[in-house]
Every structure is written in C-alpha cells, then in structure tokens.
Amino acid sequence: MVEKSDIASNPADWWSTFYRPVRQFGQQVAEFFSPSSDAAVSDDCYEINLELPGVSDDDISIEAHDNRLVVTGEKKSSHEESGKNYYFSERSYGSFRRSFRLPSDADEDRIDATHKDGVLTIRVPKTQPSKPSPKKIAINQG
C-alpha cells in the first residue's frame, strides 16, 4: 500500500527519513501506471471514464462488489523492430488498478461498460426507490 505521510512533522524520527526515498519511489510508480479518469452523475446513473489508449478489451477486467468498482488491466509492449535506435520513449507500459467507491444507490447488477477510441466508459445505473404501497391489515376478533 502506498500512502502519503508528512515526514517533516517529526524530524526526530530518523527511521522515517531514512526510508523516504523508497516511499517516494513507490508513490511515483503507483501514479505512473494509473490511468486518468473522471466521474459524473446524472438523474439515472453514475458514469466513470478512464483513458486507456493502447489497451485491448481482453486486457481489462472490471469487478463490482461491496460498493466498490475495481478496474484492473495491463498495457502490453511488443517491440520487434530492428535497425532503429531510440533517442527517447514517452510511452508507458505496465499493469494498472483503479478502485472507485460506489454510492449506496448504485445498482451493481446493471453496470455496463464500453471501450471506444481508448476511453473506457462505465455506466452504473441508480436503483429506483421503491414506492410504498398501502398494506391492508386484517383485524382479528378477540
């Protein structure tokens, strides 16, 4: 687990200071493979969009349980080029995992997802509140 902490709050804690570079590197790695996302809400659903350019549908997994939506996957690299010398590469590859907490009115049974033009769109419908209907109560003779 990667977490942010304020090391400067206790300068006498030399052990935390000693491991600061390791924690910072872990945080950078976690952020490097994390796809950008946005979330919105409408009257009937929640919508989550993730940028996943170069990731195939077969390499994406979406799971919903316990009011959480978890998206995992991998952007794979396949280079079979000869005779090219690269001066730089700005493309990133690797595994990713994004987790979203769903509101209590999310209908986990009707979630759908679409992957088009490098954007994964996940629609989470809202449950419809049940309308109370009058219930007839029988009167027992006593």
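In the predicted model described here, Thr-114 stands opposite Thr-121 in strand S7. The model is predicted, so that local features require pLDDT of at least 70 and side-chain atom pairs count only at pLDDT 80 or more, while totals for chains, interfaces and linings use all residues. Residues are numbered from 1 along each chain as its sequence is written, and side-chain values rest on heavy atoms, with hydrogens and water left out.

The chain contains 2 helices and 7 strands; helices (H or I, at least four residues) and strands (E, at least two) are DSSP runs numbered from the N terminus. Along the sequence the elements follow the pattern α-α-β-β-β-β-β-β-β. Of the 142 residues of the chain, 20% count as buried, where buried means under 20% relative accessible area, exposed means over 50%, and partly exposed lies in between (1.4 Å probe, protein chains only). Among contacts between residues at least 6 apart in sequence, 52% join residues at least 24 apart; a contact means heavy atoms within 4.5 Å.

Strand pairing was examined next. Strands of a sheet pair through backbone hydrogen bonds, either parallel or antiparallel. Two strands are taken as paired if DSSP finds at least two bridges between them. An open sheet of 4 strands has the order S1-S2-S7-S6, with antiparallel pairing. Its edge strands are S1 (37–41) and S6, each of which pairs on one side only. On average, neighbouring strands of this sheet are turned by 15° against each other, direction ignored; the axes are lines fitted to C-alpha atoms, for helices over the stretch in contact, and angles run from 0 to 180 degrees between N-to-C directions. Strand S6 is joined to S7 (residues 119–125) by 5 bridges, and the two run antiparallel.

Antiparallel pairing also links S3, S4 and S5. S3 and S4 are joined by 6 bridges and run antiparallel, with Ala-64 opposite Leu-69 in S4. Between S4 and S5 there are 8 bridges, again in an antiparallel arrangement, and Val-70 stands opposite Ser-99 in S5.

Two aspartates in loops have positive phi values. Most residues other than glycine have a negative phi, and most peptide bonds are trans. Asp-66 lies in the loop between S3 and S4, and its phi is near 50°, a positive value in a residue other than glycine. The hairpin of S3 and S4 has 2 residues between the strands. Asp-66 counts as exposed because its relative accessibility is 72%. Asp-117 is in the loop between S6 and S7 and has a positive phi near 55°. With a relative accessibility of 74%, Asp-117 therefore counts as exposed.

Buried positions were found in other loops. Leu-52 is located in the loop between strand S2 (45–51) and strand S3 (60–65). Leu-52 counts as buried because its relative accessible area is 3%. Leaving aside residues up to four places away in sequence, Leu-52 touches Pro-35, Ile-60, Phe-96, His-115, Gly-118 and Leu-120. The C-alpha atoms of Leu-52 and Ser-36, which are 16 residues apart in sequence, are 8.2 Å apart in space.

Ala-106 occupies the loop between strand S5 (94–101) and strand S6 (112–116). Its relative accessible area is 10%, and Ala-106 is therefore buried. Contacts of Ala-106, not counting residues up to four places away in sequence, are with Val-124, Pro-125 and Thr-127. The C-alpha atoms of Ala-106 and Lys-126 are separated by 4.7 Å, with these positions 20 residues apart along the chain counted as their separation.

A buried charged residue was found in strand S4 (residues 68–75), which includes Lys-75. Lys-75 has no salt bridge, that is, no side-chain nitrogen of Lys or Arg within 4 Å of a carboxyl oxygen of Asp or Glu. The nearest side chain of opposite charge, Glu-51, is 10 Å away; Lys and Arg count as positive and Asp and Glu as negative, while His and the chain ends are not counted. A polar atom of the Lys-75 side chain lies 3.5 Å from the backbone oxygen of Pro-53. Lys-75 touches Pro-53, Gly-54, Val-55, Ser-92, Tyr-93 and Gly-94, not counting residues up to four places away in sequence.

Methods:
Polar contact = N/O pair within 3.5 Å; in protein donor to acceptor, adjacent residues only side chain to side chain.
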